[in-house]
Amino acid sequence: MEQFVMKKERDNETLVTEFILLGFKTLPELQTPIFVIFLAIYMVTVAGNILIATAVLADHRLHKPMYFFLGNLSILEICYTSTTLPKLLASLLSEYHGISFSGCFLQFYFFGCFACTECYLLSVMSYDRYVAICKPLHYVTLMNSRLCVQLSVAPWIIGAVLPAITAFCASHLDFCGPNEIDHFICDYTPLLMLSCGETQQAEMLMTVVGFAGIMPPLILTLTSYACIINTILKIPSNSCRKKAFSTCSSHLIVVTIFYGTLIIVYMLPNTDTLRDLNKIFSLCYTILTPMFNPFIYSLRNRDFKQALTKAFSKFVPERTMEGNQMHQN
Ligand SMILES: *[C@@H]1O[C@H](CO)[C@@H](O)[C@H](O)[C@H]1NC(C)=O
């Protein structure tokens, strides 16, 4: 412990310059299986999302608002998991679980950025589906390229600004030890619990910012899906209704899990039972949604599957003909 805390005596006060992320240290016998699972998840997430973003950019049939949003979501998911998983993987491998003071708050900031961007981008995607399904005749005029660019840029801007407020505020709290964070990322609640100063204002601010980051997109998403379901229920053909409903319900499931766990962790009061469960809930929105989102949004989509098949069929004959030169393509 001593070596991780650089103690600086200042008026009887010791200042923490490094935090220890306990992560899954309470399960020492499971470190290797957890490492293998998380490494696999990280590789699938990055590879899958790169594939989707490349397909969107490369295939002109996918140059439509819905796929642009999907491509942006894929890029976002790569950034998002890369703020947490590499650090977690590294600490699962080694005995050293420390993270520097600035590293911790950088992770806190960037994680907040991408989480907030994701909330807003998911709501933009649901709005896009709402216009396509409920106002099909106006889709082309409403979702013009200008609005489309604005709608894909806005989530990134909101995501960059909102968490900056909380990260700035949290990094100015007093930390005088202990410095062990009982979590696998530098998150707000575990950090606040370590602070030795006045945290009431920071807590209030966090609640307000959390509310601004989660509630508007959540309300927009729920309203969009309510209108979509309402429209779908009116479709006379049974098989069409089923098909539309299955696409929509898979979106709804991932969206519910993402927002639901975010709300449980960031907006419910921090009781003892919840605190233990929070680590598990956090796994849902830090690791599982980035892996499943793009697949659920793309693989249930016929145009997308065709584009992927086409892209693959281009490569497969070349590979058989050129043998081991394939990696040069
Ligand atoms: C992100 O959205 C913008 C604007 O709609 C689009 O031009 C861009 O191609 C998208 N990026 C990806 C990777 O799909």
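The legends below describe close-up views of a predicted model.

**View 1. The whole chain contains 11 helices and three strands.** From the N terminus on, the elements run β-α-α-α-β-α-α-α-β-α-α-α-α-α. The C-alpha atoms fill a box of roughly 70 × 50 × 35 Å along the principal axes.

**View 2. Confidence varies along the predicted chain, with H6 and H11 at the two ends of the range for elements.** The average pLDDT of the chain is 83. Of the residues, 91% score at least 70. Helix H6 (residues 145–171) has the highest mean pLDDT among the elements, 93. Helix H11 (residues 302–322) has the lowest, 67.

**View 3. Two stretches have pLDDT below 50: residues 1–12 and residues 319–329.** Residues 1–12 make 17 contacts in the model beyond near neighbours in sequence. For residues 319–329, the model has four contacts beyond four places in sequence.

**View 4. Nine residues are listed around the ligand: Val56, Leu57, Phe68, Gly71, Asn72, Ile75, Cys148, Val149 and Ser152.** Taken alone, the ligand exposes 350 Å². The protein buries 77% of that area. Helix H1 (31–58), helix H2 (65–82) and H6 each give two or more residues to the shell. H2 gives the most, with four residues. By type, the shell divides into six nonpolar residues, three polar and no charged.

**View 5. Asparagine 72 and serine 152 each place a polar side-chain atom by a ligand oxygen.** For asparagine 72, the distance from the polar side-chain atom to an oxygen atom of the ligand is 2.3 Å. For serine 152, the corresponding distance to an oxygen atom of the ligand is 3.0 Å. Both residues belong to the set that surrounds the ligand.

**View 6. Cysteine 104 and cysteine 186 form a disulfide.** The structure holds two disulfides. In the pair shown here, the sulfur atoms of cysteine 104 and cysteine 186 are 2.0 Å apart. The torsion about their S-S bond is about -115°, so this disulfide is left-handed.

**View 7. The disulfide of cysteine 104 and cysteine 186 joins a helix to a loop.** Cysteine 104 lies in helix H4 (residues 101–134). Cysteine 186 lies in the loop between strand S3 (180–181) and helix H7 (188–194). The pair therefore ties together parts that are 82 residues apart in sequence.

Note on methods
Residues numbered from 1 in each chain as written. Predicted model: local features only at pLDDT ≥ 70, side-chain atom pairs only at ≥ 80, totals over all residues. Heavy atoms only, no water. pLDDT = per-residue confidence, 0-100. Contact = heavy atoms within 4.5 Å. Near = heavy atom within 4 Å. Polar contact = N/O pair within 3.5 Å; in protein donor to acceptor, adjacent residues only side chain to side chain. Areas by Shrake-Rupley, 256 points an atom, 1.4 Å probe, with all protein chains shown as cover. Nonpolar A, V, L, I, M, F, W, Y, C, P; charged D, E, K, R; others polar. Disulfide = S-S within 2.5 Å.
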